[in-house]
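Q: Please take a close look at the cysteines in this structure, and then place them among the side-chain pairings and surface features around the rest of the chain.

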Amino acid sequence: MNFAFSDDQILLRNSVRAALDGQCGSAHVRAMMDDAKGYGEPLWAEMAKLGWLGLPFAEEYGGAGLGLVELCLVLEELGRAAYPGPYVASVLLGGLGLELGGSAAQKERWLPAVASGQARLSAALVEESLDWDPGSTTATAARRGDGWALSGVKRFVPWAHVADAVLVPARAPEGVTLFLVDPRAPGVSLRPMVGIDLATRWSEMRLDQAPAGADAVIGPVGGAGTLLEALLRRAAVGASAEMLGAARRCLDMSVEYAKVREQFGQPIGSFQAIRHRCAEMLLAAENSHAAVYYAAWALNAGAEDAAVAASICKAYVSEAARQVCGDAIQVHGGIGFTWEYDLHLYMKRAKALEPLWGDAEYHREMIVRHVAA
């Protein structure tokens, strides 16, 4: 593994940051909180034009053919900007889900449309039990003619209200199976769920004999467990990259604030307590950086320790990002709690991502299982 980014990767990171600084400032994030859709179509079209929406897809499907490391570079910058939009849902969850397990026809149908910004995907990976283990799936899939009828309740489905199709695991007689479901089909209903991060939209998806054709099955019938585990690992690392971006933004804001905020006639950054706190924040951010990009490389390379690396990454970064963002509020003092100040945008993004795709406790349990095995 090369521990330094390549010139192309640095160029990608810098170009993403420049574009988001220009088009996704805090004013845009706040405006999208009150928007009916929750994201801006002009920025989405620009992301498609810049190639971000097809970054991890094969070139034959309109993508760039890049790996998870490059995708995490983009996700880190999205976290740094608290980007409001369905990028993770469409590209990482839906798109990579199809890339990993979809048929050639499914990939041809959906991936070019996702890469061009014409279609949006999502995935409904957790139910009322809030258990991320694919084996806990209770939604059912019964055969109906040549197709299927799905029933059950899925929670915290990201950006389902704008998705053209949602990846839905359900338990068929043969075992857990993954389906592509139209969220506007008969028997499917969506109810908004409000979370701590108002720049992200969630829905509860209820399925009542919702139809799915034979061509909507992703991978083998009854064999979705391995695919879902692989997708959840990538989602966990992607969420960690976003949390890393939010933590770095909070660290940068804290350092700048400590330079200009004066107390007793001198900047508060000259006080040992503030300097030590900022140093600890930097240490946590740098450790998170190492965890994220090693896990991304390991998953991309199919390394023997990829599953353990992904769980170590999510377990560590979940707590480190919370610590960094919380310490940032302490450095700022009272102003850090105010709605008008932007710090809470990044704190809430990190906090909202902490339990997603498995919290620290869940992933520590996964580490124990992998090591014991």
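A: In this predicted model, a search of the whole structure finds zero disulfides. Cys 278 is in no disulfide, and the nearest cysteine sulfur, which belongs to Cys 250, is 12 Å away. Cys 278 is buried, with a relative accessible area of 12%. Cys 250 is also the partner to check for Cys 325: the two sulfurs are 3.6 Å apart, and this is too far for a bond. The cut-off explains the result, because a disulfide is counted when two cysteine sulfur atoms lie within 2.5 Å. Cys 325 counts as buried, at 0% relative accessibility.

A further cysteine, Cys 313, appears among the contacts of Ser 240. Ser 240 lies in helix α7, which covers residues 225-260, and is buried, with a relative accessible area of 0%. Leaving aside neighbours within four places in sequence, Ser 240 is in contact with Val 292, Cys 313, Lys 314 and Val 317.

Helix α7 also takes part in a charged pairing, through Arg 248. Arg 248 forms a salt bridge with Glu 76, with the closest N and O atoms 3.2 Å apart. This pair links distant parts of the chain, since Arg 248 is in helix α7 and Glu 76 in helix α4, 172 residues apart. Both Arg 248 and Glu 76 are buried.

The salt bridge of Arg 248 and Glu 76 belongs to a wider set: a search of the whole structure finds 19 salt bridges. Helix α4 (residues 68-81) supplies Glu 77 to another of them, with Arg 17 of helix α1 as the partner, so the pair ties together parts that are 60 residues apart in sequence. The N to O distance between the side chains of Arg 17 and Glu 77 is 2.9 Å. The two ends of this bridge are covered to unlike degrees: Arg 17 is partly exposed at 30% relative accessibility, whereas Glu 77 is buried, with a relative accessible area of 2%.

A pairing within a single helix is that of Glu 365 and Arg 369, which are four residues apart in helix α11 (residues 360-372) and therefore separated by about one helical turn. Their closest N and O atoms are 3.3 Å apart in the salt bridge. Glu 365 is partly exposed, at 38% relative accessibility, and Arg 369 is partly exposed as well, with a relative accessible area of 47%. Elsewhere, salt bridges that share partners join Lys 37, Glu 41 and Arg 120 into one network.

Turning to exposed nonpolar residues, Val 194, Leu 198 and Trp 339 form a patch on the surface, with about 330 Å² of accessible area together. Val 194 lies in the loop between β6 (188-193) and β7 (202-212) and is exposed, with a relative accessible area of 76%. Phe 3, found in the segment before α1 (7-23), counts as exposed too, at 74% relative accessibility. The C-alpha atoms of Phe 3 and Ala 290 are separated by 8.7 Å, although these residues are 287 apart along the chain.

Notes. Residues numbered from 1 in each chain as written. Predicted model: local features only at pLDDT ≥ 70, side-chain atom pairs only at ≥ 80, totals over all residues. Heavy atoms only, no water. Patch = residues over 30% accessible without salt bridge, like charges linked within 9 Å, V, L, I, M, F, W, Y side chains within 5 Å. Areas by Shrake-Rupley, 256 points an atom, 1.4 Å probe, with all protein chains shown as cover. Salt bridge = Lys/Arg side-chain N within 4 Å of Asp/Glu carboxyl O. Helix = DSSP H or I, 4+ residues; strand = E, 2+ residues; numbered from the N terminus. Buried < 20%, exposed > 50% of the residue type's maximum accessible area, 1.4 Å probe, protein only. Contact = heavy atoms within 4.5 Å.
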